2 protein chains.
Amino acid sequence: MNNCDQCVVRNKSICAALDPDELVAINRLSRKVSIKAGQALIWEGDDSLIVANVVEGAFKLTSSLEDGREQIIGLLYPSDFVGRPFGDKNEYSVTALADSKVCVFSRSDFDQFVREHPDLEHKLLRRTLIELDRVRRSMLLLGRKTAAERVASFLLEMSERLADASCSVVGGNLKLFALPFGRQQVADILGLTIETVSRQMTQLKKNDIIALPDHRNVQILDADRLRNIADAGALSVH
Amino acid sequence: MNNCDQCVVRNKSICAALDPDELVAINRLSRKVSIKAGQALIWEGDDSLIVANVVEGAFKLTSSLEDGREQIIGLLYPSDFVGRPFGDKNEYSVTALADSKVCVFSRSDFDQFVREHPDLEHKLLRRTLIELDRVRRSMLLLGRKTAAERVASFLLEMSERLADASCSVVGGNLKLFALPFGRQQVADILGLTIETVSRQMTQLKKNDIIALPDHRNVQILDADRLRNIADAGALSVH
DNA sequence: CGGCCCGTTGAGAGGATTCAAGAGTCGTGG
DNA sequence: CCACGACTCTTGAATCCTCTCAACGGGCCG
């Protein structure tokens with residue numbers, strides 16, 4: 001049991017569809033759970049017994065092969081919805097990237113509650129459609145883009161997703177942001193090896209397209225050229 | 001305007017959620033449209049003005065780069081739903097692979113109708129969730145699998161999807177099926193070139209894992225070994 | 001200071017692509 | 001029914017890109 005009134009993602013999660021009465025009802029179905037960095041919330045192949053809202057932290061959604069090759073197929077941040085409603089298997093693992101908190105429901109409870117609350121189901125549908133668009137976009141990246149294009153696309157997407165405070169330091173468009181994870185995970189997102197990611201980043205740095213104050217921070221110096229590379233790979237060095 | 005009663009996908013499409021009265025109502029919103037093979041129904045980047053149900057034929061869903069590289073991000077068959085409800089842009093193209101028929105709605109009409117019919121919205125949600133699972137599975141394929149693994153995975157998936165009549169000819173597990181498209185499109189699905197697909201198919205044939213009566217038909221001779229290759233790539237010859 | 005983790009860099013190998021040519025298939029028309 | 005052309009698929013050789021393996025560098029913490 002929980003207190004939705006004070007929930008930090010109250011207005012951004014799918015729960016925003018609910019009025020106070022309904023909130024009390026769903027309150028009774030949920031419990032807040034803390035997950036340490038590196039710990040899994042859901043395992044690939046397991047029965048789908050729970051769903052959840054991310055309250056705090058970050059998660060990766062992964063699918064892997066027996067020999068250890070891993071592909072990150074999604075990232076989850078506060079207010080995102082986790083799990084597979086209306087299905088009996090989880091086709092992927094969900095693992096905390098940082099110490100996190102989630103608001104957990106039993107899947108059967110949740111499924112039933114959703115069916116009784118069309119507005120909630122509508123929110124869920126919208127989110128699912130957005131996620132589907134996002135995932136499909138990454139199919140083009142994984143299937144057809146070169147390493148240089150993948151890294152450039154990734155940096156642009158991250159800079160947009162993290163487009164909040166810290167930006168526009170000096171004159172104007174100098175976007176600075178901190179990657180919430182290391183090179184290996186970037187590689188797992190882009191379907192590359194860690195070495196290739198590293199080489200591509202260095203390349204971009206050498207061409208003054210980005211700056212790397214440290215390993216986690218990235219500053220986009222020339223967004224136009226970066227966009228050029230992302231969409232065609234044509235790096236026109238003087 | 002249309003006649004849903006006689007619709008061949010009446011019971012398999014999302015319309016199955018509707019009772020006779022509702023069917024009359026949605027009837028008024030739809031019109032049946034014929035599309036010739038190769039013709040596009042929706043263009044990548046266009047405003048999302050229509051959605052539809054596939055009634056007959058087949059479609060590919062594609063995303064591409066300016067230089068012509070193309071990735072197939074989905075396939076649609078009769079009873080499948082097409083288009084992007086509750087969003088203003090189509091992020092991909094939809095093109096007929098064969099002469100086809102679709103039942104088209106204006107997106108705004110459809111959006112509104114769906115919101116008024118929770119059962120329909122529920123069907124749509126379920127479909128979207130299933131599609132999301134499918135697309136995520138292919139992210140692992142595109143990001144991490146080798147050419148051999150991709151082709152093997154593809155053949156297994158197609159054999160399951162087309163697992164109907166014609167099967168089990170002789171003793172037992174000899175699955176025979178016809179690919180509904182040519183090598184180039186297989187390549188566009190798997191994120192490979194046509195030559196690589198061809199070479200991998202030949203390789204499988206040489207190892208007596210599949211037979212290729214002609215270019216469109218495939219017969220799986222040794223499903224176990226094919227599954228082995230699909231998941232690990234370890235091809236144990238002789 | 002030294003070990004550990006993570007990221008970078010280098011050299012070499014391997015796999016997929018590219019470019020080019022040849023083989024097979026299909027439909028058309030003589 | 002066969003011949004022809006167009007198109008698709010296959011095969012080959014060379015190139016290119018990414019991966020693999022290995023060593024090095026740098027920051028962080030004990």
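Let me start with B:T128: leaving aside its neighbours within four places in sequence, this residue is in contact, meaning heavy atoms within 4.5 Å, with A:L125, A:T128, A:L129 and A:L132. This is a predicted model, in which local features need pLDDT of at least 70, side-chain atom pairs count only at pLDDT 80 or more, and totals for chains, interfaces and linings use all residues. Residues are numbered from 1 along each chain as its sequence is written, chains are lettered from A and ligands numbered from 1 in the order in which they are written, and side-chain values use heavy atoms, with hydrogens and water left out.

Back to B:T128. It is found in helix α3 of chain B, residues 118–144. Helices here are DSSP runs of H or I with at least four residues, strands are E runs of at least two, and both are numbered from the N terminus. B:T128 is buried, at 6% relative accessible area; buried means under 20%, exposed over 50%, and partly exposed in between, with a 1.4 Å probe and protein chains only. The side chain of B:T128 reaches the backbone oxygen of B:L124 at 2.6 Å.

Now the DNA. Which residues come nearest to strand C? Of the 17 around it, they are A:R183, A:S198, A:T202, B:A147 and B:T196. A residue counts as near if one of its heavy atoms lies within 4 Å of the strand. Of the strand C atoms within 4 Å of the protein, 63% belong to sugar or phosphate, and the rest to bases.

Three side chains of chain A deserve a mention. A:S198 has a side-chain N or O atom 2.7 Å from a phosphate oxygen of strand C, and a polar side-chain atom of A:T202 also lies 2.7 Å from a phosphate oxygen. For A:R199, the partner of the side-chain N or O atom is a base nitrogen, at 2.9 Å. Elements giving two or more residues to this surface are α5 (183–190) and α6 (194–206) of chain A, and α6 (194–206) of chain B. The largest share, 4 residues, comes from α6(A).

So to that helix. Which of its residues are buried? They are A:V197, A:Q200, A:M201 and A:L204. Seen down the axis of α6(A), the buried residues fall within an arc of 100°, so they line one face of the helix; the arc is taken from the directions from the axis to the C-beta atoms. They pack against α4 (147–161), α5, β10 (210–211), β11 (217–220) and α7 (223–232) of chain A. On the other side of α6(A), A:R199 and A:K206 are exposed.

Definitions and conventions:
A polar contact is a pair of N or O atoms within 3.5 Å; within protein, one must be able to donate a hydrogen and the other to accept it, and residues adjacent in sequence count only if both atoms are side-chain atoms.
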